[in-house]
Amino acid sequence: MTDVSPLIDAMGLAPHPEGGHYRRTWTAPARVDTPRGSRHSASAIIFLLESDEEARWHLVHSDELWIWSGPG
């Protein structure tokens, strides 16, 4: 197993509440009102799971777009 700690540090990633590590890279200036309160209309993150990690299943109230960036 490869130690990804240097990558996590270099990319400035923080622990994600649902598993893995992340960093927000962009947030849309426009906001929308939802039943759970006002929120940004869109955002983007970098997300990393180590080989022995899994992200917890969760309910998503908005569309998500996932782009795999490798390696494997």
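These legends describe close-up views of a predicted model.

**View 1. The whole chain, with 1 helix and 5 strands.**
Read along the sequence, the elements follow the pattern α-β-β-β-β-β. The radius of gyration is 14 Å, well over the 11 Å that the globule rule gives for 72 residues, so the chain is more spread out than a compact globule. The C-alpha trace spans about 45 × 25 × 20 Å along its principal axes. Buried residues make up 12% of the 72 residues. Among contacts with a separation of 6 or more, 40% join residues 24 or more positions apart.

**View 2. The open sheet of 3 strands.**
The strand order is E1-E2-E5, and the pairing is antiparallel. E1 and E5 are the edge strands, each pairing on one side only. E1 covers residues 14-15 and E2 covers residues 21-27. These two strands are joined by 2 bridges. E2 and E5 pair over 6 bridges, again in the antiparallel sense. E5 itself runs over 43-48. Two pairs help to locate the E2 and E5 register. Histidine 21 stands opposite leucine 48, and tyrosine 22 has phenylalanine 47 as its bridge partner. In a regular strand, side chains alternate between the two faces of the sheet.

**View 3. The hairpin of E1 and E2.**
The two strands of this hairpin have 5 residues between them. Glycine 19 lies in the turn, with a positive phi of about 110 degrees. Proline 15 has histidine 21 in E2 as its bridge partner. Histidine 16 sits in the loop between E1 and E2. Is histidine 16 buried or exposed? Its relative accessible area is 19%, and buried means under 20%, so histidine 16 counts as buried. Leaving aside neighbours within four places in sequence, histidine 16 is in contact with His21, Tyr22 and Phe47.

**View 4. Histidine 21 in strand E2.**
Histidine 21 has a relative accessibility of 15% and counts as buried. Which residues does histidine 21 touch, not counting residues up to four places away in sequence? Its contacts include Ala14, Pro15 and His16. Ile46, Phe47 and Leu48 are also among them. Ile8, Leu13, Glu50 and Glu53 are further contacts of histidine 21. Two of the residues touched also face it across strand pairs. Proline 15 is the bridge partner of histidine 21, and leucine 48 in E5 stands opposite it.

**View 5. Leucine 49, in the segment after strand E5.**
Leucine 49 is partly exposed, with a relative accessible area of 34%. How many residues separate leucine 49 and glycine 20 in sequence, and what is their C-alpha to C-alpha distance? They are 29 residues apart in sequence and 4.5 Å apart in space. Not counting residues up to four places away in sequence, leucine 49 touches Gly19, Gly20, Glu54 and Ala55. Gly19 in this contact list is the turn residue with the positive phi.

**View 6. Glycine 12, in the loop between H1 and E1.**
Glycine 12 has a relative accessibility of 43% and counts as partly exposed. Leaving aside neighbours within four places in sequence, glycine 12 is in contact with Tyr22 and Arg23. The C-alpha atoms of glycine 12 and arginine 24 are separated by 9.9 Å. Glycine 12 and arginine 24 are 12 residues apart along the chain.

**View 7. The largest pocket, with a volume of about 2100 Å³.**
How many residues line the largest pocket? The lining has 49 residues. His16, Ile45, Ile46, Phe47 and Trp66 lie nearest the pocket centre. Helix H1 (5-11), E2, strand E3 (31-34), strand E4 (37-40) and E5 each supply at least two lining residues. Which element gives the largest share of the lining? E5 does, with 6 residues. By class, the lining has 25 nonpolar, 15 polar and 9 charged residues. Two of the residues nearest the centre, His16 and Phe47, also appear in earlier views. His16 is buried and is in contact with Phe47. Phe47 in E5 is the bridge partner of tyrosine 22.

Methods: Residues are numbered from 1 along each chain as its sequence is written. This is a predicted model: local features need pLDDT of at least 70, side-chain atom pairs count only at pLDDT 80 or more; totals for chains, interfaces and linings use all residues. Side-chain values use heavy atoms; hydrogens and water are left out. Helices (H or I, at least four residues) and strands (E, at least two) are DSSP runs, numbered from the N terminus. Buried means under 20% relative accessible area, exposed over 50%, partly exposed in between (1.4 Å probe, protein chains only). Contact means heavy atoms within 4.5 Å. Two strands pair if DSSP finds at least two bridges between them. On a 1 Å grid over the protein atoms alone, a cavity is a set of points where a 1.4 Å probe fits but cannot get out, and a pocket is an open set with protein on both sides within 12 Å along at least five of seven lines; lining residues have an atom within 4 Å of a point. Grid points are joined across faces, edges and corners, and a volume is the space filled by probe spheres set on the points. Ala, Val, Leu, Ile, Met, Phe, Trp, Tyr, Cys and Pro count as nonpolar, Asp, Glu, Lys and Arg as charged, and the others, Gly among them, as polar. The radius of gyration is taken over C-alpha atoms; the globule rule is 2.2 Å times the number of residues to the power 0.38.
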